[in-house]
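Please look through the structure below with the sequence beside it. The paragraphs that follow go from the surface to the interior and then to the charged groups.

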Amino acid sequence: MNPKTKRKKQAKVLRIFRKIHRLMGAFLFFFFFFISVSGLLLGWKKNSAGVLLAETQIGSSSEFSEWLPLGVLYEKAARVIKDSVAKNTPLALDRVDIRKDKGVIKFIYEDYYGLQLDGATGQLLEFGKRQSDFVENIHDGSVLDIYFNTSGSPIKILYTTVMSIALLFFTITGFWLWYGPKRMRKSA
């Protein structure tokens, strides 16, 4: 292949990659904006002085033999939630997080509420909104499944697939937009 034809072919590939890069950037700008800001917040969540994620408190004992039974701790947590937030409609428990080394059990509810109880005494140590869970749902797209009330996370799966493929394309086209002109100058 003669050098002139090769150079034209390289220039054509560069134009195609530039167009793909520009169109994807324009189309996905807001999604990448939300992913980057929420990712930054998630990276800071444990160092946010309790703004995004409450500090894990310290209970009175880290020995399970001294802890109250799980059922009793659950009932205490349910009472706090009912008295504080859900007077008429109970909140659904999402998960329980046991921090044995700190003597704490965390009850995390679906509407972004969380509380920490002393495992041995059942005393309330911390209660409030878990902003980091909301930020995480924005970051991974599950906030759309919650909003549209879809089961099985179909929107989240589509969202993460599209965004992952887009990031891969941005990486490839961005690299080629940087490397392609260097390669063309070398071959000239």
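A residue counts as buried under 20% relative accessible area, as exposed over 50%, and as partly exposed in between (1.4 Å probe, protein chains only). L70 has a relative accessibility of 51% and therefore counts as exposed. The model is predicted, so local features need pLDDT of at least 70 and side-chain atom pairs count only at pLDDT 80 or more, while totals for chains, interfaces and linings use all residues. Residues are numbered from 1 along each chain as its sequence is written, and side-chain values use heavy atoms, with hydrogens and water left out.

L70 lies in helix α2; helices (H or I, at least four residues) and strands (E, at least two) are DSSP runs, numbered from the N terminus. Together with F64, Y74, L93, V96 and I98, L70 makes a nonpolar surface patch of about 510 Å². Patches are made of residues with over 30% relative accessible area and no salt bridge; like charges are joined within 9 Å and nonpolar side chains (Val, Leu, Ile, Met, Phe, Trp, Tyr) within 5 Å. The areas come from the Shrake-Rupley method with a 1.4 Å probe, and for residues only the protein chains shown count as cover. Two elements, α2 and β1 (93-99), give two or more residues to the patch, and β1 gives the most, with 3 residues.

Now the interior. In soluble globular proteins, nonpolar side chains tend to be buried together. A nonpolar core here is a set of buried Ala, Val, Leu, Ile, Met, Phe, Trp, Tyr and Cys residues joined through side-chain atoms within 4.5 Å. The largest one has 14 residues, and I81, F107, Y109, L115 and L117 have the most contacts inside it. At least two residues of this core come from each of α2 (70-84), β2 (104-109) and β3 (113-118), with α2 giving the most, 4 residues. Beyond its neighbours within four places in sequence, F107 is in contact (heavy atoms within 4.5 Å) with residues including L73, A77, L93, V96 and L115. A second, separate core has 7 residues, among them M24, I35, A166 and F170.

I35 also takes part in a link to S38: the backbone oxygen of I35 lies 3.3 Å from a polar atom of the S38 side chain. S38 sits in helix α1 (residues 3-44) and is buried, because its relative accessible area is 3%. Residues more than four places away in sequence that S38 touches are V135, I138 and H139.

D140 belongs to helix α3 (residues 131-140) and, at 15% relative accessibility, counts as buried. Its side chain makes a polar contact of 2.3 Å with that of S142. Such a contact is a pair of N or O atoms within 3.5 Å; within protein, one must be able to donate a hydrogen and the other to accept it, and residues adjacent in sequence count only if both atoms are side-chain atoms.

How many salt bridges does the structure hold? There are 5, each a side-chain nitrogen of Lys or Arg within 4 Å of a carboxyl oxygen of Asp or Glu. R95 and D94 meet at 2.7 Å, N to O, and D133 pairs with R130 at 2.8 Å. These residues, D94, R95, R130 and D133, are linked in a network of salt bridges. R95 is partly exposed at 36% and D94 is partly exposed at 43%, whereas D133 is buried at 10% and R130 is buried at 15%.
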